[in-house]
Each structure stands twice: as structure tokens, then as C-alpha cells.
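Subject: Handover of a protein structure

Dear colleague,

Please find the structure below, together with its sequence. My notes on it follow, and I would be grateful if you read them with the model open.

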Amino acid sequence: MAGPAGSPNRFVDGVEADAIRQRVSQERAARLPPLRVAIKAARRDLDVADEDVRAAQRHLTDARDRLGRSGLSPFDAQFHEVYELIEGAEHGVSFAEAERATALVNLNEKIEDLWRTQQEIESLLHQLQLVRRMPLELLGLIFEMHVLGAHLMNDFDQPDDPVATSMSDTRMDELRRAPFALAAVCRDWRQAALCAPRIWSTISVTMLQCSLSPPAEALAVIMNRSGKTDITINISRACLRAASEKMRSQLVSAMARCATLHMSCLDFDWAEDMRDFRLLPNAPRLSSFQCALMMPDPLSSFGSVTSARLIKFTGKEIITWVGHTPNLRHLTIVCNGYCDETLLGLRQKPAVLHQLEELAVYNDLGAFSLATCFNTPRLRSLKMIAQSLHRSCGQDLILFSQRCPALAQVSLEGTFHGSLTALLSAAKSMPSLEELVVFKLDHFSQIDLIAFCDALLPLPSSPGIWPCSRLHTIDVPLIASDIRISHVRQAPINFVRARLSASSTQLPGAPVALRRCRLHPDAALQQEVDDILSRHLTS
């Protein structure tokens, strides 16, 4: 939708653009040179006036010096002659200064005329700039990229602290108010914002209650401007307690279009309020869900959820909840450092998640114990993020890997206290494993660098069968007994060369080519390994 004629956002076609360029050339040729000539003449007049002022001031100074040197008294006849000369010189200075002021005003007027003419020409050129002649639909898409793109940064992937938001509250408030700010710039930007319903698709109940308009009216405006698009609703602490009945009724109606629901239940009393609110039965489109502390009823409302983030739930509550989410594909669990003893019984009858593809568990000493309570035949990515992974996690990973034949990515971001031998055994039992990352090892988990490399080489009895043949990324910070010993230092280099050589044969059972391999923190050794990989990739 192009803007109306005369609009700064009106689309300019090729013929009109050529006409504008021709007019600009004519204006520059016809109006700018005479004005520049007039400015030069005005500057010369000002220079002459400056010289006249200086001459008059010198004449006045000479007259005053003459009177001073003469020593005449007011009663002498010659005194009056000299005094008249001084008065004449003063009048000459005043006249010269007045002429200079007139010349300066004339010069400023000429300069201002030139500036105005240049601005008129520039205003024509502005019509040729892309942002000024952009169709409003495209401008609306840019608004969507600004608003929705920033919100995605604060959605489900927050690697540093999954509980806290990745943006400051001030920044998030700015983003929530961004649609209103964009619509208030000018008439055309308002029209573009109203033509982009997706920028109005995020509803923050807290922001509505802080707006100048009544919250119910502001919510009605957002719902109207968002059209029929799926919406995201953010409900934070204490907002429902302050909400009017009209506001609550409108939120219930809005849930019919809700695709993403963030419920920040940060205390149990607040969670009870959320449970009484009964939002979920009215959310047939719900696909992404985030909640903390207490799950709203009924559980049958989560059948369409594909992405979930559960914060501070017990293991039993999590297992019960996932049993009602047959379409769940992405699950993030934040447990904050407790180990639930009820998991021991649940591991014997794991919950089956047929569609789950990504599982991330944050800040839980029993992260692996919790993971073993799931049976996930399609799981491809497992991420454990905690300050400390306990010593039984290696055995738990072996048990977990037996239930995940499609597991391709394993990332352990925390100090690993388990048996690295058990970790290798688990890796070998994963036929689809492609990436193995361990953030840090404690001294109990250290294994000899040579032993680790040998474990990923074929056995002498079956030289053509490579363990973890699909593994292309290895990032495990092993510690050798003495990296300065030549055969110890040569072990990872020989391992990388052997894997790359075998991958080039394309024989049955041959491994894929390595893309990254980090087995020791020594910088020189890592550089040598990287050079070998780089040469192989470019060959």
C-alpha cells in the first residue's frame, strides 16, 4: 500500500524519479550560481565596510592623541577646533559601523537564501531515498523484524541464566512499547504500523497496567490491531490481583488466539491465583509454554504444546506434566540444584516422549537422574548445564543413551565429576552421535590422553569398524600426564590423521571427517590439530 500523493513514503517509479533528477539539475544550475555570486559580492562589501570602520577608528584615535599632546585648556581658541575634529571622527566611526552592520545583515540574508534553496533541492532528493519512497507494507515488515526479532532473543534460549531474562527490564519495557512508539512518529509510520498486525501480537499484562490508558481499553486496542494473528501473552507477578473483572474477561477471550504463554509465578500464593484464573482451557492454539513453581489446571490443556520451559518443579510434577504433552518437541527444565528422591522409582517406568527432539536441564545436581526418567526415541540434542555434574552421571548417561538411538548432540556444560570411561562407553553406544562437548573435568575424571584417543580408534580385531563413526565434533578438555613427552603430544595428532584418512576411503564403516577436535588446552598442540583439519577441509 503506497502512501497518498505528497506523502514522504509515496512510491516513486522510474519515470517520476528521472523527472525529479532533471528538476534537481535545473534548480542547481539556475538558482545556486547567482546566489553564490551574490554572497561573494556581499562578502566584499563587508570587507570594505570593515576597512572603513578601521580607518574611522584610526582617525578618531589620532584626533584624541593630538588633543592630548597639545596640552590645550578648554579656554584656548584652538581647543574647540580639535574637539570638533574628535566629534567628527566619532560620527564617522558610528556611520562606518552602521554600514558594516548593514553589510553583515545583507551577507546573512544571502547565505540564508542559499541554505533555503539547498534545502528545497535536498527535499526533492529525499524523495529518491529508499526509506522515503518505500511501500508501507515493506516498512511494516521492517517494524516486525525490529519488534519480533528482539522478542525472540528473550524467548526460550538463554544460555547464561535460564531463570533470569536475557534483557534488562528497561529494555523489555521499551520493546513492549515499541509498536506504540513507532505508530506515533508520523502519519505514514502509523499507517505502516497498523498494516503490520504481528508487531501488536505480544501482550504484557504488566505493561498494560502501567499504561496511561485504562488496561482494559489498552488490551482492546492491541487485540484489534493484532488482527487474527497468533499472540504471545506475558503474565507476571501480582498483575492479575490488580486486574479488573473486565480485564480478566478480555484475557480469557484473548487466550483463544494465544500461541505462546509465559506465566511468571514467583511465589506460591501467586501460583494459586493463576490456578484459579483458568486460562488454559481457552487456549486451543497454545504451542509454547513457560511456567514456574505451580502448574495451572487442567493438564489436558497442554496437548498442542510443542515447546515448554518448566522452572522449579519437582521431578514427579515434571513427569506427570510431560505425560499430557504428546506433541512436545523442545523441553527445558530448570530445577535450581535439588535432587529429587522420587526419581529413583520413576526411572523404572520412564515417561515416553515420542516427539521430543531437544532436552535441556539447567542447574540440577540430579540432572542425569531426571533425564533417565524419560524414554525419547527421537531425541537428537541433550544439554546439561550446571555448576557441577555428580559422579554417577556417567552411568546415568549410559542408561539414558540406550533409550535414545537418534541422539546426535551431547553437551555437558559444568564440572564433570563422573567417570570419563563411562562417558566414552555411553558415546560408543550412541550410533548417531555427532557432537560430544564436555565443559570441564575435575581431577577424578581425568583420563590419559592416549587412552581417550585409543578408545575412539578401531579395535585390532575389527580394524574396519570405527567407534562413533558419525562423530565430527569432539571438545573434551583432557589432561595428559606430561604433554611435553613426544608420544603423548603425538597421540591426538595421530588420532586426527587416522580419522581423516579413514573418512577419505568411503568404505563401509568408515567415519565421517572431523570438523573440530579439542582434546587438550595446550595452545600450540591445538593449533597444530586445527591446521590439519583446515588442510583436509580445503583439499
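Which residues of α17 are buried? They are Leu 525, Gln 526, Val 529, Ile 532 and Leu 533. Seen down the axis of α17, these buried residues fall within an arc of 120°, so they line one face of the helix. On the other side of α17, Ala 523, Arg 535 and Thr 538 are exposed. Please bear in mind throughout that this is a predicted model.

Overall composition

The protein contains 17 helices and 14 strands. Of its 539 residues, 43% are buried. If one takes the contacts between residues at least 6 apart in sequence, 69% of them join residues at least 24 apart.

Helix α17 and its surroundings

Helix α17 runs over residues 523–538, which makes 16 residues. At 1.5 Å a residue, these should span 22 Å, and the end C-alpha atoms are indeed 22 Å apart, so the expected and computed values agree. As for the partners of this helix, its buried residues pack against α16 (486–503) and against β14 (516–518).

The largest cavity

A search of the whole structure returns 3 cavities of 30 Å³ or more. The largest cavity holds about 40 Å³ of space. Its lining consists of Pro 492, Cys 517, Arg 518, Leu 519, His 520, Leu 525, Gln 526 and Val 529. Sorted by class, this lining has 5 nonpolar, 2 polar and 1 charged residues. Both β14 and α17 supply at least two residues of the lining, and α17 gives the most, with 3 residues.

Gln 526 deserves a separate look. This residue lies in helix α17 and is one of the residues that line the largest cavity. With a relative accessibility of 12%, Gln 526 falls under the 20% limit and therefore counts as buried. Leaving aside residues up to four places away in sequence, Gln 526 touches Cys 517, Arg 518, Leu 519 and His 520. Those four residues are also among the lining of the largest cavity.

Other sites to inspect

In helix α7 (residues 215–225), the buried residues are Ala 216, Ala 218, Leu 219, Ile 222, Met 223 and Arg 225. After α7 comes Gly 227, which has a positive phi, near 65°.

A positive phi also appears at Cys 468, at about 50°, although this residue is not a glycine. Most residues other than glycine have a negative phi. Cys 468 is found in the loop between α15 (449–455) and β13 (473–475). Is Cys 468 buried or exposed? Its relative accessibility is 6%, so Cys 468 counts as buried.

Finally, please look at Tyr 362, which lies in strand β8 (residues 358–362). Tyr 362 is buried, with a relative accessible area of 5%. What separates the C-alpha atoms of Tyr 362 and Val 334 in space? The separation is 4.8 Å, while the two residues stand 28 residues apart along the chain.

With kind regards

Terms used. Residues numbered from 1 in each chain as written. Predicted model: local features only at pLDDT ≥ 70, side-chain atom pairs only at ≥ 80, totals over all residues. Heavy atoms only, no water. Buried < 20%, exposed > 50% of the residue type's maximum accessible area, 1.4 Å probe, protein only. Helix = DSSP H or I, 4+ residues; strand = E, 2+ residues; numbered from the N terminus. Expected span 1.5 Å × (residues − 1). Arc of directions from axis to C-beta. Contact = heavy atoms within 4.5 Å. 1 Å grid on protein atoms, 1.4 Å probe; cavity = no way out; pocket = protein on both sides within 12 Å on 5 of 7 lines; lining within 4 Å. Points joined across faces, edges and corners; volume = space filled by probe spheres on them. Nonpolar A, V, L, I, M, F, W, Y, C, P; charged D, E, K, R; others polar.
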